[in-house]
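This report covers one protein model, with attention to its pocket, one helix and several individual residues.

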Amino acid sequence: MITVTINSDENRKSYGFEISGHALSDVYGRDLVCAGASAVSFGAVNAIAHLTGITPDIEQNAEGGYLKVTLPTDLDTETDDKLQVILNTMVTQFYTMTASYSEYIELKYKIV
């Protein structure tokens, strides 16, 4: 199972996420849940860098199955607003995936 953990503060502002595991919903190369999770997460990382100018701190496993993205919390209001829209869009996409594929992907929040 893929576990998506959103790191947020007490006000539900998000400042990073961690994705671990494998969906195993189909054979390698045809696993749509895995492909979807990868597309959503890497799309969000690319949007963060492109639209906010933030360079995320990224940790990942060379063999796949793990991605950790840490973002700064001391942002000006305009940059933080953009970041929150990107991360909320990503979370909405993951919620949509969990609604259809809950046996393969789960979404959690961690207050940091």
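The sections below give the basis of the values, then the pocket, helix H2 and selected residues.

## Basis of the values

The model is predicted; local features need pLDDT of at least 70, side-chain atom pairs count only at pLDDT 80 or more, and totals for chains, interfaces and linings use all residues. Residues are numbered from 1 along each chain as its sequence is written, and side-chain values use heavy atoms, with hydrogens and water left out.

Helices (H or I, at least four residues) and strands (E, at least two) are DSSP runs numbered from the N terminus. Contact means heavy atoms within 4.5 Å. Buried stands for under 20% relative accessible area, exposed for over 50%, and partly exposed for values in between, with a 1.4 Å probe and protein chains only.

## The largest pocket

The largest pocket has a volume of about 510 Å³. A pocket is defined on a 1 Å grid over the protein atoms alone, as an open set of points where a 1.4 Å probe fits, with protein on both sides within 12 Å along at least five of seven lines; lining residues have an atom within 4 Å of a point. Grid points are joined across faces, edges and corners, and the volume is the space filled by probe spheres set on the points.

The lining of the largest pocket consists of 27 residues, and those closest to the pocket centre are His 22, Cys 34, Ser 38, Gly 64 and Gly 65. Strand E2 (14-20), helix H1 (32-52) and strand E4 (66-70) each contribute at least two lining residues. H1 gives the largest share, seven residues. By class the lining has 13 nonpolar, 10 polar and four charged residues. In this scheme Ala, Val, Leu, Ile, Met, Phe, Trp, Tyr, Cys and Pro are nonpolar, Asp, Glu, Lys and Arg are charged, and the others, Gly among them, are polar.

## Helix H2

Helix H2 spans residues 77-101, 25 residues in total, and reaches 35 Å from its first C-alpha to its last. This is close to the 36 Å expected at 1.5 Å a residue, where the expected span is 1.5 Å times one less than the number of residues. At the N-terminal end, Asp 76 acts as a cap, with a side-chain oxygen 3.2 Å from the backbone nitrogen of Glu 78.

The buried residues of H2 include Thr 79, Leu 83, Ile 86, Met 90, Phe 94 and Thr 98. Their cover includes strand E1 (2-8), E2, H1 and strand E5 (105-111). Thr 98 has a relative accessible area of 15%, so this residue counts as buried. Beyond neighbours within four places in sequence, Thr 98 is in contact with Ile 105, Glu 106 and Leu 107.

## Residues of helix H1

Gly 43 lies in helix H1 and is partly exposed, with a relative accessible area of 34%. The C-alpha atoms of Gly 43 and Ile 86 are separated by 9.6 Å, with their positions 43 residues apart along the chain.

Ala 47 also belongs to helix H1. Ala 47 is in contact with Thr 52 and Ile 86, leaving aside neighbours within four places in sequence. The C-alpha atoms of Ala 47 and Glu 10 are 24 Å apart.

## The N-terminal segment and strand E1

Met 1 is in the segment before E1 and counts as partly exposed because its relative accessibility is 41%. Residues up to four places away aside, Met 1 touches Ser 20, Gly 21, His 22, Ala 23, Ser 102, Glu 103, Tyr 104, Ile 105 and Glu 106. Met 1 and Gly 65 are 64 residues apart in sequence and 10.0 Å apart from C-alpha to C-alpha.

Asn 7 sits in strand E1 and, at 11% relative accessibility, is buried. Its contacts outside four places in sequence include Lys 13, Tyr 15, Phe 17, Lys 110 and Val 112. Asn 7 and Glu 18, 11 residues apart in sequence, are 7.8 Å apart from C-alpha to C-alpha.

## Positive phi angles

Most residues other than glycine have a negative phi. Arg 12, in the loop between E1 and E2, has a positive phi of about 70°. Leu 24, in the loop between E2 and H1, has a positive phi near 55°. Leu 24 is exposed, with a relative accessible area of 68%.

Key
Polar contact = N/O pair within 3.5 Å; in protein donor to acceptor, adjacent residues only side chain to side chain.
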